[in-house]
Amino acid sequence: MLTADDEDVADRAVGVPFAKEGFPFIGLAAGITLVASTLGWVPVAIATGMVTVFVAWFFRNPPRVIPQGPRLVVSPGDGKVLAVEEEFEPRYLKERAIRISIFLNVFDVHINRIPCEGIIEDVQYQPGLFLVASKPHATLKNEQNAVMIKTVEGAKVLCVQVAGLIARRIIWWVNPKDRAVRGERYGLIRFGSRMDTYLPVGTAIKIAVGDRVKGGETILGELR
């Protein structure tokens, strides 16, 4: 199930080492580790201690240096570029666009970031399946949340959080009419996922399939 949080993004995500949505998971794992240690259950304590470290690492919330430039579009997430394809986007844009798909494995940072400056025109959640996010058919069939951004020059950039086989919860902290600030944290996907960014045809693409990208730092393209 997906949820929209009305609290201020900066209050939730900036200045803390871990995403707040991870606190219950980190606390639970740490608590079990503490109990197991107190009772002398060494193997259990070691195992749950490793789980605690992994969960904390998964929900890490690192700062990023955001590139500056009027038409730059940065990556909305960390991961590996799976596809850079021009195609017709039938759901939200209803026109041809360049889709850049980024796969986030369980070891990548899962904080999602706004790709460009502008105004958030729409936020739409689509229920769906939980197929392997790296597969092409996940584009339309998987559970997802789309954020439409309109730049000051009128270009439309669509950013879609796509759930995967393990990811069962997409979280976003933005709403329509909010200001879109390049590189600002706006949500996350728990435990493996994919980010699709649709750019206008004619955008100067700066990455290629197979590249590793960082959310908020790596430039995906420059709008014309």
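Which residue in strand 15 does valine 74 stand opposite? The notes below start there and then move through the rest of the model, which is a predicted one.

1. **The small sheet.** Valine 74 stands opposite isoleucine 219 in strand 15. Strand 15 covers residues 219-222 and pairs with strand 2 in the antiparallel sense, over three bridges. Both strands belong to an open sheet of three strands, ordered 2-15-13, and the pairing there is antiparallel. Strand 2 (72-74) and strand 13 (204-205) are the edge strands, as each pairs on one side only.

2. **The eight-stranded sheet.** Have a look next at the other open sheet, which has eight strands in the order 10-6-7-8-12-4-3-14 and antiparallel pairing. Strand 10 (179-180) and strand 14 stand at its edges; each has a single partner strand, so one side of each lacks a neighbour in the sheet. As a general reminder, strands of a sheet pair through backbone hydrogen bonds, either parallel or antiparallel.

3. **Strands 4 and 12.** Within that order, strand 12 sits beside strand 4. Strand 12 takes in residues 193-200, runs antiparallel to strand 4 and is joined to it by eight bridges. If you would like a residue pair to click on, try phenylalanine 103, whose bridge partner in strand 12 is arginine 194.

4. **Arginine 194 again.** The side chain of arginine 194 also meets that of aspartate 196 in a salt bridge, at 2.9 Å from N to O. Arginine 194 and aspartate 196 are both buried.

5. **A salt bridge across the sequence.** Arginine 212 and aspartate 108 form a salt bridge, with their closest N and O atoms 2.5 Å apart. Arginine 212 lies in strand 14 (residues 212-213), while aspartate 108 is in the loop between strand 4 (95-104) and strand 5 (111-113), so this pair ties together parts that are 104 residues apart in sequence. Aspartate 108 has a relative accessible area of 5%, which is under the 20% limit, and therefore counts as buried.

6. **Other charged groups.** How many salt bridges are there in the model? The count comes to nine. One of them links arginine 91 with glutamate 89, where the closest N and O atoms are 2.8 Å apart; both of these residues are buried. Glu85, Glu87 and Arg99 are also worth displaying together, as they are linked in a network of salt bridges.

7. **The helix pair.** Helix 2 (residues 23-38) and helix 3 (residues 42-58) have axes that come within 8 Å and cross at roughly 160°. That angle is over 145 degrees, so helix 2 counts as roughly antiparallel to helix 3. The crossing is left-handed. On the helix 2 side, the residues that meet helix 3 include Phe25, Ile26, Ala29 and Ile32. Among their counterparts in helix 3 are Val44, Thr48, Val51 and Val55.

8. **A loop residue to check.** Is threonine 151 buried or exposed? Its relative accessibility is 11%, so threonine 151 counts as buried. Threonine 151 is found in the loop between strand 7 (144-150) and strand 8 (156-163). Leaving aside residues up to four places away in sequence, threonine 151 touches Cys116, Glu117, Gly118 and Leu223.

Terms used: Residues are numbered from 1 along each chain as its sequence is written. This is a predicted model: local features need pLDDT of at least 70, side-chain atom pairs count only at pLDDT 80 or more; totals for chains, interfaces and linings use all residues. Side-chain values use heavy atoms; hydrogens and water are left out. Helices (H or I, at least four residues) and strands (E, at least two) are DSSP runs, numbered from the N terminus. Buried means under 20% relative accessible area, exposed over 50%, partly exposed in between (1.4 Å probe, protein chains only). Contact means heavy atoms within 4.5 Å. Two strands pair if DSSP finds at least two bridges between them. A salt bridge is a side-chain nitrogen of Lys or Arg within 4 Å of a carboxyl oxygen of Asp or Glu. Axes are lines fitted to C-alpha atoms, for helices over the stretch in contact, and angles run from 0 to 180 degrees between N-to-C directions. Angles under 35 degrees count as roughly parallel, over 145 as roughly antiparallel, 65 to 115 as roughly perpendicular and the rest as oblique. A crossing is left-handed if the near helix is turned anticlockwise from the far one by less than a right angle, and right-handed if clockwise.
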